[in-house]
Amino acid sequence: MTEFTIKTIIVDDEPLARRGLRARLERHADVNVIAECQNGLDAVSAISQHRPDLVFLDIQMPGLNGFQVIHRLRELNQPIPLIVFVTAYDSYAIKAFDVHALDYLLKPADDERLTGALDKVRDYLTNQYQDAQSRKLAGLVADLTGDDCEEILRKLANGEAIETNPYPEVLAIKDGSEVTRVAVQDIQWVDAAGDYMCVHAIDGMHIMRKTMKELEQELNPQWFVRVHRSAIANIRFVKKLVSHISGEYHLILQNDTELKVSRSHRDKVKAAMKL
């Protein structure tokens, strides 16, 4: 239990949502709800006046949305409190700003999830991490203000996923009872062997059961290009593209591995290599 009271403001344009969240917060003795706001303009005023420790901030509101509230506070040189975003959208859709907020809640607020968010708040306040939180929120403002902010809200309203990087940085490759984590940036090329994929990485070859199409969808097309029906290459490991008298093209990797480029993929390979 903390030895201080967490001064809290609830910001949401839905009265029932504010009432429900307040009722759940009243179960926590160290949380003191000092104000409720039904729109972004009121939120800016209340935060400036009361200097709360914590704000539960709805994302999509008329007037100023949640992101713009933060932006306005920064324009006014007001201290930014700890922010827990509140949204009606599934968690996959808010990964783009998850790293910037202290936490987020899905409507209606779940007691266990709310308790977890408050525990984070207590830890931050106890260890005086407000400055670090402000820096995170500054990154949010830089990423999501203006047209970018409106675009992310449009995607949220349409149920579209919003991700800063939809491609994994690590592949978990299962082999019997073992799972090997392979850094995607270390993968040099991939070729098919029946129902299996041979993933050739810096540390050696790994076998995974997955189709070429499935694996291709997981790899960032900025770096990985299909060179043949049964092969994918990481452009970062390509040394050169060689044309033969027969009209065939081959990729030569830095380790001198040679990969045939099929005619149907030739233009895509050239484009990836910026030729």
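Guide: Welcome! A residue counts as buried when its relative accessible area is under 20%, as exposed when that area is over 50%, and as partly exposed in between. Please keep in mind that this is a predicted model.

Visitor: Thanks! Is R122 buried or exposed?
Guide: The cut-off for buried is under 20% relative accessible area. R122 has a relative accessibility of 13%, so this arginine counts as buried.

Visitor: Which residue forms a salt bridge with R122?
Guide: The partner sits in helix α5 (residues 111-126), three residues away from R122, which puts about one helical turn between the two. This partner is partly exposed, with a relative accessible area of 38%. The closest N and O atoms of the bridge are 2.8 Å apart, and the residue that R122 pairs with is D119.

Visitor: How many salt bridges does a search of the whole structure find?
Guide: Side chains of opposite charge can pair when their charged atoms come close. The pair of D119 and R122 is one example, and K210 with E218 is another, at 2.5 Å from N to O. For the whole structure, the search gives a total of 11.

Visitor: What is the relative accessible area of E218?
Guide: E218 is the residue whose side chain meets that of K210 in a salt bridge. E218 is partly exposed, and its relative accessible area is 24%.

Visitor: How many residues apart in sequence are the parts that E248 and K260 tie together?
Guide: E248 and K260 form a salt bridge with their closest N and O atoms 3.3 Å apart. Both ends are partly exposed, E248 at 31% relative accessible area and K260 at 39%. E248 lies in the loop between β13 (238-243) and β14 (249-253), while K260 belongs to strand β15 (residues 258-261), so the separation in sequence that their pair bridges is 12 residues.

Visitor: Which residues are joined into one network by salt bridges that share partners?
Guide: A network of this kind arises where salt bridges have partners in common. Here the residues joined in that way are R18, R22 and E36.

Visitor: Let's turn to the rings. What kind of pair do F67 and F85 make?
Guide: A pair of aromatic rings is described by the distance of the centres and the angle of the planes. The structure holds one aromatic pair. The ring centres of F67 and F85 are 5.7 Å apart and the planes stand at 80°, and planes over 60 degrees apart put a pair in the edge-to-face class. The pair is therefore edge-to-face.

Visitor: Where does F85 lie?
Guide: F85 has 0% relative accessibility and counts as buried, and its partner F67 is buried as well, at 2%. The two phenylalanines tie together parts that are 18 residues apart in sequence, with F67 in helix α3 (residues 66-75) and F85 in strand β4 (residues 82-87). The element asked for is thus strand β4.

Visitor: Which residue lies over the face of W223?
Guide: R209 lies over the face of Y196, at 5.2 Å from the ring centre. For W223, the distance from the ring centre is 4.5 Å, and the residue over the face is R236.

Visitor: Which residues of the largest nonpolar core touch the most other members?
Guide: In soluble globular proteins, nonpolar side chains tend to be buried together. The elements that give two or more residues to the largest core are β1 (6-11), β2 (31-37), α2 (40-50), β3 (54-58), α3 and β4. A second, separate core of 20 residues includes I6, L21, F56 and A117. Within the largest core, with its 21 residues, the members with the most such neighbours are I9, V11, V55, L57, V69, I83 and F85.

Visitor: Which residues does G66 touch, not counting residues up to four places away in sequence?
Guide: G66 has its place in helix α3 and, at 0% relative accessibility, counts as buried. Its C-alpha atom is 9.9 Å from that of I83, a residue 17 positions apart along the chain. Leaving out residues up to four places away in sequence, G66 touches L57, D58, I59 and M61.

Visitor: One last stop. How far apart in space are T180 and H206, C-alpha to C-alpha?
Guide: T180 lies in strand β7 (residues 178-183) and is partly exposed, at 29% relative accessible area. H206 is one of the residues that T180 touches, along with L171, A172 and I173. The two are 26 residues apart in sequence, and their C-alpha distance is 8.5 Å.

Definitions and conventions
Residues numbered from 1 in each chain as written. Predicted model: local features only at pLDDT ≥ 70, side-chain atom pairs only at ≥ 80, totals over all residues. Heavy atoms only, no water. Phe/Tyr/Trp six-rings, centres within 6.5 Å; stacked < 30°, edge-to-face > 60°. Helix = DSSP H or I, 4+ residues; strand = E, 2+ residues; numbered from the N terminus. Buried < 20%, exposed > 50% of the residue type's maximum accessible area, 1.4 Å probe, protein only. Lys NZ or Arg CZ within 6 Å of the ring centre and 35° of its normal. Core = buried A, V, L, I, M, F, W, Y, C linked by side-chain atoms within 4.5 Å. Contact = heavy atoms within 4.5 Å. Salt bridge = Lys/Arg side-chain N within 4 Å of Asp/Glu carboxyl O.
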